[in-house]
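Here are a few exercises to work through with the model open beside you. Try each one yourself, then check the steps below it.

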Amino acid sequence: MDSVMEALEKRKHHIVVIDMRLAVYSIGEQIIRKIRTRHTLANLVTLAVCPAIPRWCEEPSVQPYLEMGFSRRFLENHDRGACLNEIIMLDQGEVAAGLKLSVASTIFQLLEESRDSFDITDVNGICSYVNPAFERMCG
């Protein structure tokens, strides 16, 4: 299990797909819980592949998978195009949004820790943010 976590951290994956179609859920659940405990993997999008549901059955809740720590659930589908489309949508949507959020968070942290003063204003000249150095300098 530790070697799986090391490989994930080393390779910097953005999406991890875990096969939850087998009766042995505990291994997939252990992996996802380990992923969620690692700060370095916080923005990782995790996809649970679940067994297909017969058309006459009601679709089960996604809640158990979310509680395990998965970002998404994908029902088993033998159409390769549908599977590829799901991965592309995840990459263009959740992964891209997560990366943008991570960059914004880093920039905000740099502004907060900077010794130089910064203020951010909107197009009307209304101040919406000043960092601590600006507050110390201007009061």
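**Exercise 1.** Does proline 51 count as buried, partly exposed or exposed?

*Solution.* Start with the ground rules. This is a predicted model, where local features need pLDDT of at least 70 and side-chain atom pairs count only at pLDDT 80 or more, while totals for chains, interfaces and linings use all residues. Residues are numbered from 1 along each chain as its sequence is written, and side-chain values use heavy atoms, with hydrogens and water left out.

Next, the cut-offs: buried means under 20% relative accessible area, exposed means over 50%, and partly exposed is in between (1.4 Å probe, protein chains only). Proline 51 has 30% relative accessibility, so it counts as partly exposed.

Now place it. Proline 51 sits in the loop between β2 and α3 (63–68); helices (H or I, at least four residues) and strands (E, at least two) are DSSP runs, numbered from the N terminus. Proline 51 and leucine 75 are 24 residues apart in sequence, yet their C-alpha atoms are 5.9 Å apart in space.

**Exercise 2.** Work out the order of the strands in the open sheet, and find which ones stand at the edges.

*Solution.* First, the general idea: strands of a sheet pair through backbone hydrogen bonds, either parallel or antiparallel. Here, two strands pair if DSSP finds at least two bridges between them.

Then read off the order: the open sheet has 3 strands, β1-β2-β3, with parallel pairing. β1 (15–19) and β3 (72–75) are at the edges with a single partner strand each, so one side of each has no neighbour in the sheet.

Now count bridges. β1 and β2 (residues 45–50) pair over 5 bridges, and valine 16 stands opposite threonine 46 in β2. On the other side, 4 bridges join β2 to β3, with valine 49 partnered by phenylalanine 74 in β3.

**Exercise 3.** How many residues of β2 are buried?

*Solution.* Go along the strand and sort the residues by direction. Val45, Leu47 and Val49 point one way, Thr46, Ala48 and Cys50 point the other way, and all are buried. That makes 6 of the 6 residues of β2 buried, so the strand is largely enclosed by the rest of the structure.

**Exercise 4.** Find the aromatic pairs and say what kind each one is.

*Solution.* Rings of Phe, Tyr and Trp (its six-membered ring) pair if their centres lie within 6.5 Å; planes under 30 degrees apart are stacked, over 60 edge-to-face, and the rest tilted. The structure holds 2 such pairs.

Take tyrosine 65 and phenylalanine 70: they are 6.2 Å apart centre to centre with 65 degrees between the planes, an edge-to-face pair. Both tyrosine 65 and phenylalanine 70 are buried.

Then take phenylalanine 108 and tyrosine 129: 5.5 Å centre to centre and 55 degrees between the planes make a tilted pair. Phenylalanine 108 is in helix α4 (residues 80–113) and tyrosine 129 in strand β5 (residues 127–130), so this pair ties together parts that are 21 residues apart in sequence. Check the exposure too: phenylalanine 108 is partly exposed at 44% relative accessibility, while tyrosine 129 is buried at 15%.

**Exercise 5.** Which residue of β5 is the bridge partner of isoleucine 120?

*Solution.* Start from the strands: β4 (residues 119–121) and β5 run antiparallel, joined by 3 bridges. Within that pairing, isoleucine 120 is partnered by tyrosine 129. Now look at the turn. The hairpin of β4 and β5 has 5 residues between the strands, and glycine 125 there takes a positive phi near 85 degrees.

**Exercise 6.** Which helix gives the most residues to the lining of the largest pocket?

*Solution.* A pocket, on a 1 Å grid over the protein atoms alone, is an open set of points where a 1.4 Å probe fits, with protein on both sides within 12 Å along at least five of seven lines; lining residues have an atom within 4 Å of a point. The largest pocket is lined by 14 residues, and His13, His14, Thr40, Asn43 and Leu44 lie nearest its centre.

Now look at the helices. α1 (2–11) and α4 each supply at least two lining residues, and α4 gives the most, with 5 residues.
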